[in-house]
Amino acid sequence: MPDITRNGDDFTVDAKIIAEGLDLPEHAIARAMSSGAITTRFERGEGEDAGRFRLNFFHRGKTLRLTVDEGGNILSRARFDRGQ
């Protein structure tokens, strides 16, 4: 399976990528997402950014932002510490 797959406006991201980005063990990702400990936000690019998407993952003051193209290829990744 590719690291990120797209189905319309839905993206599926491999747990390994999220775990590395949020400094969590890979096995904890599914539970953290289903319990609401990890939340997400999806942004669609407009204008000159059309065809790009930002996938944001938030957990305990940390943010992982993945910018991907229409095929789910990662164009950039960033990690932020927002504090608690």
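Here are some notes on the predicted model above, going from the overall fold down to single residues.

1. **Overall layout.** The protein has 2 helices and 6 strands. Going along the sequence, the order is β-β-α-α-β-β-β-β. Its radius of gyration is 13 Å, close to the 12 Å that the globule rule gives for 84 residues, so the protein is as compact as a globular protein of that length. If you want box dimensions, the C-alpha trace spans about 35 × 30 × 20 Å along its principal axes.

2. **Surface and burial.** Of the 84 residues, 31% are buried. The accessible surface comes to about 5400 Å², and carbon and sulfur atoms hold 43% of that. On the contact side, take the pairs with a separation of 6 or more: 28% of those contacts join residues 24 or more positions apart.

3. **Charges.** You have 13 positive and 14 negative charges to deal with here, and the mean positions of the two sets are 6 Å apart.

4. **β3 against β4.** Strand β3 (residues 39-44) pairs with β4 in the antiparallel sense, over 6 bridges. For a landmark in this pairing, look at Thr39, which stands opposite Phe58 in β4.

5. **β4 itself.** This strand covers residues 52-59. Is it enclosed or open? It is largely enclosed by the rest of the structure, because 6 of its 8 residues are buried. Besides β3, β4 also has β5 as an antiparallel partner, with 8 bridges between them.

6. **The β4-β5 turn.** These two strands form a hairpin with 2 residues between them. Its end is easy to find on screen: His59 has Lys62 in β5 as its bridge partner. Arg60 sits in the loop between β4 (52-59) and β5 (62-69), and its phi is near 45°, a positive value in a residue other than glycine. Buried or exposed, then, for Arg60? It counts as exposed, because its relative accessible area is 63% and the cut-off is over 50%.

7. **β5 against β6.** On to the next pair: β5 and strand β6 (residues 74-81) are antiparallel as well, with 7 bridges. Val68 stands opposite Ile74 in β6. This hairpin has 4 residues between the strands, and Gly72 there takes a positive phi near 85°. So both hairpins carry a positive phi, at Arg60 in the turn between β4 and β5 and at Gly72 in the hairpin of β5 and β6.

8. **Thr67.** This residue is in strand β5. Thr67 counts as buried because its relative accessibility is 12%, with the cut-off at under 20%. Which residues does Thr67 contact once neighbours within four places in sequence are left aside? They are Phe53, Arg54, Asn73, Ile74, Leu75 and Ser76. Phe53 and Arg54 fall within β4 (52-59), while Ile74, Leu75 and Ser76 fall within β6 (residues 74-81).

9. **Arg65.** Arg65 lies in strand β5 too, but this one counts as partly exposed, at 22% relative accessibility. Not counting residues up to four places away in sequence, Arg65 touches Arg41, Arg54, Leu55, Asn56, Ser76, Arg77, Ala78 and Phe80. Two of those names, Arg41 and Arg54, are arginines touching another arginine, so have a look at them if you set up charges. Ser76 is 11 residues from Arg65 along the chain, and the C-alpha atoms of the two are separated by 8.2 Å.

10. **Asp23.** Away from the strands, Asp23 is in the loop between α1 (15-22) and α2 (29-35). Its phi is near 55°, again a positive value in a residue other than glycine. At 46% relative accessibility, Asp23 counts as partly exposed.

Conventions:
Residues numbered from 1 in each chain as written. Predicted model: local features only at pLDDT ≥ 70, side-chain atom pairs only at ≥ 80, totals over all residues. Heavy atoms only, no water. Buried < 20%, exposed > 50% of the residue type's maximum accessible area, 1.4 Å probe, protein only. Pairing = 2+ DSSP bridges. Rg over C-alpha atoms; globule rule 2.2 N^0.38 Å. Contact = heavy atoms within 4.5 Å. Areas by Shrake-Rupley, 256 points an atom, 1.4 Å probe, with all protein chains shown as cover. Lys, Arg positive; Asp, Glu negative; His and termini not counted. Charge placed at Lys NZ, Arg CZ, Asp CG, Glu CD.
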